[in-house]
Amino acid sequence: MDEPMLMQPEAEISATRVESAEPASGPVVSITGVGKIFGTGEKAVSALEDVSFDVQPGSFVALLGPSGCGKSTLMRLMAGLQPVTSGSIDFEGRSPEQMRKAREFGIVFQQPILFDWRTVQKNVELPLELIGVSKAEARARADEMLSLVGLQDFATKRPWQLSGGMQQRVAIARALAFRPRFLMMDEPFGALDMMTRERMQVELLRIWDSKPDITVTFITHSISEAVLLADRVVVMSARPGRVMKVIDVDLERPRFDDIRQSKEFVDIEGEIRELIYSQEN
Amino acid sequence: MDEPMLMQPEAEISATRVESAEPASGPVVSITGVGKIFGTGEKAVSALEDVSFDVQPGSFVALLGPSGCGKSTLMRLMAGLQPVTSGSIDFEGRSPEQMRKAREFGIVFQQPILFDWRTVQKNVELPLELIGVSKAEARARADEMLSLVGLQDFATKRPWQLSGGMQQRVAIARALAFRPRFLMMDEPFGALDMMTRERMQVELLRIWDSKPDITVTFITHSISEAVLLADRVVVMSARPGRVMKVIDVDLERPRFDDIRQSKEFVDIEGEIRELIYSQEN
Amino acid sequence: ACGSDDESASAVSDPSAPLEKCDGTKIKFQLSFFPNAQYVALMVAQNRGFFEEAGVDVELVDGGPNISAPAQMGQGLADLGLLQFDETQNANLSGADFVWIGQYYQKSPVLFAAMKDTPFADGADLKGLTTNTNSGDLDPELHALMEQAGVAEDEVEIVPASPSVSDLINGTVDMYQLQRFFHVAEIESLGMSLEEDFNTIDANEAGVALPAHGVVANREFLDANPDAVGCFLAGLIKGVNTVLADPEGAVADVDAMSMEGLATHEQNIVNVQETIKLMSERPDGSPVDPLVIDEEWLADGQEQSLEFGILPEAPDLDTFVDPAPLARAEKLAETLG
Amino acid sequence: MATVPAPGIVPSGVRRLPFQSSYGLLGVIVAILAVWYVGAFLVHLSDEPFPDAKLPYPHFVVQEFVDNLDMVMSAARVTLTMAVLGFLAGAVIAIGIGVFISQSSWLEAAFMPYLLMAQMIPVIALVPVMQTVFRNPTLTRLLIAGFVTILPVAVSTVRGLKAAPPEARELMESYDASRLQTLRHLLSPSALPLVFTGLRIAAPLSVLGSVLVDLTGGQQGLGYLVLAAQVYGPNFAGLVWVAMVVLAVLGALMAQAVSITERLVAPWDVAVRGEVA
Amino acid sequence: MGAFRMRPKVQAVLAPAVVAVLVIAVWQLKVVHHLFDLKEFAVPLPFDVAEAMWTNRDTLLQRAKESLVPGVLGFALGEAIGLAIAGAIMALPGRTARQVTVMGAAVQSLPAIALVALVALWVDSATVLKITVVAIMVAPSMLIYMYRGFTSAKSEALELMSSYNASGLQVLRGLRLPSAVPHLFTQVKYATVIMLVAVILSEIMRTGDGFGFEIEHALGRFDTAEAWAAVFALALVGVLVYALASVVERVFFPWAARHKP
Ligand SMILES: Nc1ncnc2c1ncn2[C@@H]1O[C@H](COP(=O)(O)OP(=O)(O)OP(=O)(O)O)[C@@H](O)[C@H]1O
Ligand SMILES: Nc1ncnc2c1ncn2[C@@H]1O[C@H](COP(=O)(O)OP(=O)(O)OP(=O)(O)O)[C@@H](O)[C@H]1O
Ligand SMILES: Cc1ncc(C[n+]2csc(CCO)c2C)c(N)n1
Ligand SMILES: [Mg+2]
Ligand SMILES: [Mg+2]
């Protein structure tokens, strides 16, 4: 397996990303008419209906939508963890399952899912162990990622000794240390305070900028977070989840926090907000 | 046991609350020099140090602070679920433990903690069963609360069939159905999308407004949420958690969503933001 | 189920052939239970090297409650063994092929006993009593006694009891089937006396004696090693004779070869005395040479077993019993001294 | 790790008796002894025959123990040795069976019933067969000693291997972890609490298994002592009681050893953490 | 993932049936007998065993009644005692509670033969003897499994319960008991075997009825086919109880089965 160097500390934060997202090369993921039904018979719940959108190679896609609309479910389908009921998800000819088996995915689940029998550090090292990264390298990567999420002092603690937000950061560190080509994150910053959250956003952008072929799918409830981070925001409607609109965010890269004050930013934010509120009424 | 009628559907949303929070009657909770250390010896972690503040009867206190600063820990101490290492927490002469035993607390924990062996509805009824509320009444209250959080259609599902945000709403419904005098909520809206979140905020305020003697302690990462909801915002600093500043929010009640645009609101928000950012540097 | 050809048996065991000392053949001998005083003759022969003298290398394999001696032997885990008459015959009916080559006990070890305050003089007194059983409802002596006195099956209540006579003293049972080689000593160790404290009926005196323990060989082994079996029997004969001649001396061997601390030395003295009687007297009390097979008695016993349902069908006694090895052994035994 | 009180482990909702934990054990032991004495007194008061067989005074048992110290101790050594060896053998076999069976629900459905059936075969029918198959009395005895421990450990292992939450399985799947890796990193650790419960059950049972071994002909061990003392009547009742008490202590020690091992192996388990409070 | 899922009922019947057919075939064709030089009378052939089961069906049914009525009663009693003690010791400090379970372990290591003999000193009725012995042998494992199940409740959930000031009993019923369900069903499967073994042993040693007597009786006559017929009848009972436990769990405790792949 070739391991994409997800992160090069020496990489320039200012590396421009925009070119790499050139749409000419065709989508790296095509989601076409995807539906998902849980259960059968009377008790069946339709979680997703006719969901379609494309993801460009190396792009950053944010998923926005009301609670229970099927965002986590969609991520599971894309990751090949569950079969679609209808439609198809296509990674340049390969199925999600094939991609998963090729270890192309790094996933941050909505719950942290840490193993109590491992220290924080060892939790981060877990996926690296699995793919046979050497002990020393795994340790180095884990330490690096723990510093990145601000938990270097907690490396030898056990998960239950951490606060909710700290656990979530361990899960983020674990996914990043894996250096996948596709990063899928389900509300990764949901349990973080604003400041930590902003720091994490910057770090995530920095990592993504530094490595042009990483494609990120990012579930969030924060419109401004979506606009700040994403090339494309997929706005979903409530149950059964459908795609309401796909909005391209053509803000320049690299983006920093102060972009929030820019007119374009506020405009897009407003557009999305309106879209969402229109749905309610 | 007297059960405070937490919610009266027919109550006026516009009921003014400000008078009831008159400080003349003295604090209902006094937190004085509280410290909490986990573990002993070399491995000891100091989670809280010298935390002091007061809570007025019937008031709404928000706790803000960086991830891992000890907010959840402080809530546990206040709820009498863990002993303080130093200092004291005093509920008008009674200890947190005594209060807990008198079933004065309704708690929404950071994790939903739902029982897989109960349906959603039965999870909400659990505390009512424990205090001996009649079956019919428990069912009625549970149904009411489930509608309130928008989950009436999921009453007979099992917890694992719900999305993350839906689980959190069940936990909220469970705490509200209990109708406690002290409501303690640990990031209750963290996993909710903006729209659902706003709806929940409004509902929470409505309930609190309708019953003047409910005191709420509310942990959040959202400054604007804190300002929107609280009478008093306690801003904490990072490990070991200390109180940085206690900010009174003297906005008129009842508050609705549009108050966010008011100058006072933006000012207070700005003050808190600055406070928090000052800490970083 | 029982299909042996008697040619092979008679062909090899030619009584006329003089038996010489053997050349160290290994023999595994299965005991029916834990080593205890009832095996005194085997212990003496082993302990004093009589088997060695006869040229066989004997290993005594312990039995125990978790060990089915016939099953062990049947599986070929032992070559010879000490088995009960009826259990050996049943094993053959089930497919084993054992040969009865010597009679260890020459009379029944069973003694029926009741406490002195229970009227118990003959079989008729059994009516209305509760009693123990040694092997489920398979105690042929008891059945014989009841039939003799015209007591019906349901007029005696059989309850399982512990292997100790304590259940009789306790009152759990009104009548207890003692094993002479064992319980007499137990009674004495309790400070009681068989004569003064109990009313007893001896199975032998009542005419309901049935054959008990005998020396049994796997036919396959016997056919392959007829001389070794003879040599073994010679050593055992010398063992019995030595016990008869010097009971006290034999007790020392029993003390040494049983587990320390269980049966006391005093109990072993009594057990050896009782075992001697069982090895050397016929049911009518007349003396008999060691291990001699009384085919008439066996036939009689078999008939009773059939009658009481202890045997489902009649095995052929002629193939079951082979007196030839013993006959050849007697000559060698004499030369052993 | 042992010093970290997990949140909520001070189970304030659960009432506690007002004594400290180490006194607690003492209290329970004293209570048992007191009941025993009273019972023994009543039995001796009545005119039941053999009161010392039915319920001897505790001090009588101690006296018997001291009088037969050498014999009892050497028997106990034999029994304990076989129990430990049998336990280890049985545990290894059982965990192997458990892991194998839980590889698919088909395997489980196919073999679990027969595992149960196997446990019901009386040892007396099994010994000669095992002797014939293995042709090695020591191995046979070891397997008999281990035999009784296999079922609880195997059943618990199968069950424990299912204890991992589906979400955690998904995490492993997302790494396309191999079967073996999932077993090693997720399923095994989350199975440990139940496996250890099974082992805790099996540990004292292995003493029982060892007693079964004592009854297969060797003239050694506490089992032989119990049986022989029973056969040899009320005179030896004291010895039976001594053997029973010693066996009980051995069983408790074995279980305790399992507990200690568990603390070392799985300090993160909630139940283990709970006991530390 | 879960793409192919055979209905569990089919599986539960088909899988063991396939194994049974294979085992019976191998056994009937004497493969194992030849391999290990086993004698037919020591390990009888399946058809002989089946024949013995058929010929003795009336007796076996009678024996089943004699063994199972007291067996089930003793089982219920032992489980109730174990459960009650496990529940009661939750009121003790953690360490003391665990030490009580260690005493349960002590009881477990008592040799059954001694137990039967001792109980027999006190009890005359065969039924009461069996019930008592079974209860004594079943209770400790129930105690140990349930204590462990009770303490496996998540600490966060315990906190939730204590936030309602739930009484010890309420915590036990509402949280600890459901958390212990996987432990409970593991124990039941195992205790079934213990129950049957205890009954058999009591019967062999003392009471002279039931399956134990049948087995002993047959072994005494060296009728191994009949003995194995009784063993099989017995084992069948055990397997039935096991199956029943599995079905009950699946139907009444679906959340506990959720963790299955
Ligand atoms: N295992 C399951 N069984 C049945 N229904 C399920 C299951 N998992 C999810 N659902 C249903 O599918 C719908 C979508 O769930 P999903 O978790 O994808 O929502 P979400 O968009 O991630 O919500 P949130 O923002 O609250 O996390 C919900 O209505 C939920 O009840
Ligand atoms: N059981 C425990 N053992 C050891 N340390 C603990 C334990 N619980 C909490 N801590 C420590 O106490 C500190 C405060 O934790 P707490 O959960 O109160 O943070 P928080 O403010 O709620 O954070 P977040 O916003 O991320 O939830 C953290 O450093 C954490 O590591
Ligand atoms: C002929 C004969 N009959 C019965 C037994 C069984 N038995 C009766 S008392 C007792 C205990 C001491 O050996 C045993 C095992 C035997 N061994 N030999
Ligand atoms: Mg979700
Ligand atoms: Mg927290």
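## Ligand sites and aromatic pairs

An oxygen atom of ligand 2 is found 2.8 Å from a side-chain N or O atom of Gln110(B). This is a polar contact, that is, a pair of N or O atoms within 3.5 Å. The model is predicted: local features need pLDDT of at least 70 and side-chain atom pairs pLDDT 80 or more, while totals for chains, interfaces and linings use all residues. Residues are numbered from 1 along each chain as its sequence is written, chains are lettered from A and ligands numbered from 1 in the order in which they are written, and side-chain values use heavy atoms, leaving out hydrogens and water.

**Ligand 2 and the magnesium ion**

Ligand 2 lies between chains A, B and D. It is surrounded by 24 residues, of which the closest are Gln161(A), Ser163(A), Lys71(B), Ser72(B) and Thr73(B); a residue belongs to such a shell if one of its heavy atoms lies within 4 Å of the molecule. Further oxygen atoms of the ligand 2 site take part in contacts with chain B: the side chain of Ser67(B) has an N or O atom 2.9 Å from an oxygen atom of ligand 2, and for a polar side-chain atom of His221(B) the distance to an oxygen atom of ligand 2 is 3.2 Å. Of the 630 Å² of accessible area that ligand 2 has on its own, the protein covers 96%; such areas come from the Shrake-Rupley method with a 1.4 Å probe. Two elements give two or more residues to the shell around ligand 2, namely helix H5 (164-177) of chain A and H1 of chain B. Helices are DSSP runs (H or I) of at least four residues and strands (E) of at least two, numbered from the N terminus.

Gln110(B) also has a part in metal binding. The magnesium ion (ligand 5) is coordinated by Ser72(B) through OG and by Gln110(B) through OE1, at 1.9 to 2.2 Å. These two residues are 38 residues apart and link distant parts of the chain, with Ser72(B) in helix H1 (residues 71-78) of chain B and Gln110(B) in the loop between strand S5 (105-108) and helix H3 (120-130) of chain B. Donors are N, O and S atoms within 2.8 Å of the metal (3.2 Å for Na, K and Ca), and sites may look incomplete, as water is not among the atoms. Ser72(B) and Gln110(B) are both buried, meaning under 20% relative accessible area, where over 50% is exposed and values in between are partly exposed (1.4 Å probe, protein chains only).

**Ligand 1**

Residues from chains A and B surround ligand 1, so this site is shared between chains. The shell holds 21 residues, with Lys71(A), Ser72(A), Thr73(A), Gln161(B) and Ser163(B) the closest. Helix H1 (71-78) of chain A and helix H5 (164-178) of chain B each supply at least two residues of this shell. Backbone N or O atoms come within 2.8 Å of an oxygen atom of ligand 1 in the case of Gly68(A), and Lys71(A) has a backbone N or O atom 2.7 Å from an oxygen atom of ligand 1. From the side chain of Ser72(A), a polar atom lies 2.5 Å from an oxygen atom of ligand 1. The protein covers 90% of the 640 Å² of accessible area that ligand 1 has on its own.

**Ligand 3**

Ligand 3 lies between chains C and D. Among the residues around ligand 3 are Phe33(C), Tyr105(C), Phe181(C), Phe182(C) and Val231(D). An oxygen atom of ligand 3 is 3.2 Å from a side-chain N or O atom of Gln38(C), and a nitrogen atom of ligand 3 is 3.4 Å from one of His213(C). Ligand 3 exposes 420 Å² when taken alone, and the protein buries 85% of that.

The table gives the shells by residue class; Ala, Val, Leu, Ile, Met, Phe, Trp, Tyr, Cys and Pro count as nonpolar, Asp, Glu, Lys and Arg as charged, and the others, Gly among them, as polar.

| Shell | Nonpolar | Polar | Charged |
|---|---|---|---|
| Ligand 1 | seven residues | 11 residues | three residues |
| Ligand 2 | 10 residues | 11 residues | three residues |
| Ligand 3 | six residues | five residues | no residues |

**Aromatic pairs**

Rings of Phe, Tyr and Trp (its six-membered ring) pair if their centres lie within 6.5 Å; planes under 30 degrees apart count as stacked, over 60 as edge-to-face and the rest as tilted. Over all chains the count comes to 32 aromatic pairs. Phe91(B) and Phe182(B) form an edge-to-face pair, because their ring centres are 5.2 Å apart and their planes stand at 85°. Phe91(B) lies in the loop between strand S4 (86-90) and helix H2 (96-101) of chain B and Phe182(B) in strand S6 (residues 182-186) of chain B, so the pair ties together parts that are 91 residues apart in sequence. Both Phe91(B) and Phe182(B) are buried.

In chain D, Phe100(D) and Phe111(D) form a tilted pair, with 6.2 Å centre to centre and 50° between the planes. Phe100(D) is in helix H4 (residues 69-101) of chain D and Phe111(D) in helix H5 (residues 105-119) of chain D, 11 residues apart. Phe100(D) is partly exposed, with a relative accessible area of 45%, and Phe111(D) counts as partly exposed at 32% relative accessibility. In chain A, ring pairs link Phe60(A), Phe189(A), Trp208(A) and Phe218(A) into a cluster.

Notes. A polar contact is a pair of N or O atoms within 3.5 Å; within protein, one must be able to donate a hydrogen and the other to accept it, and residues adjacent in sequence count only if both atoms are side-chain atoms.
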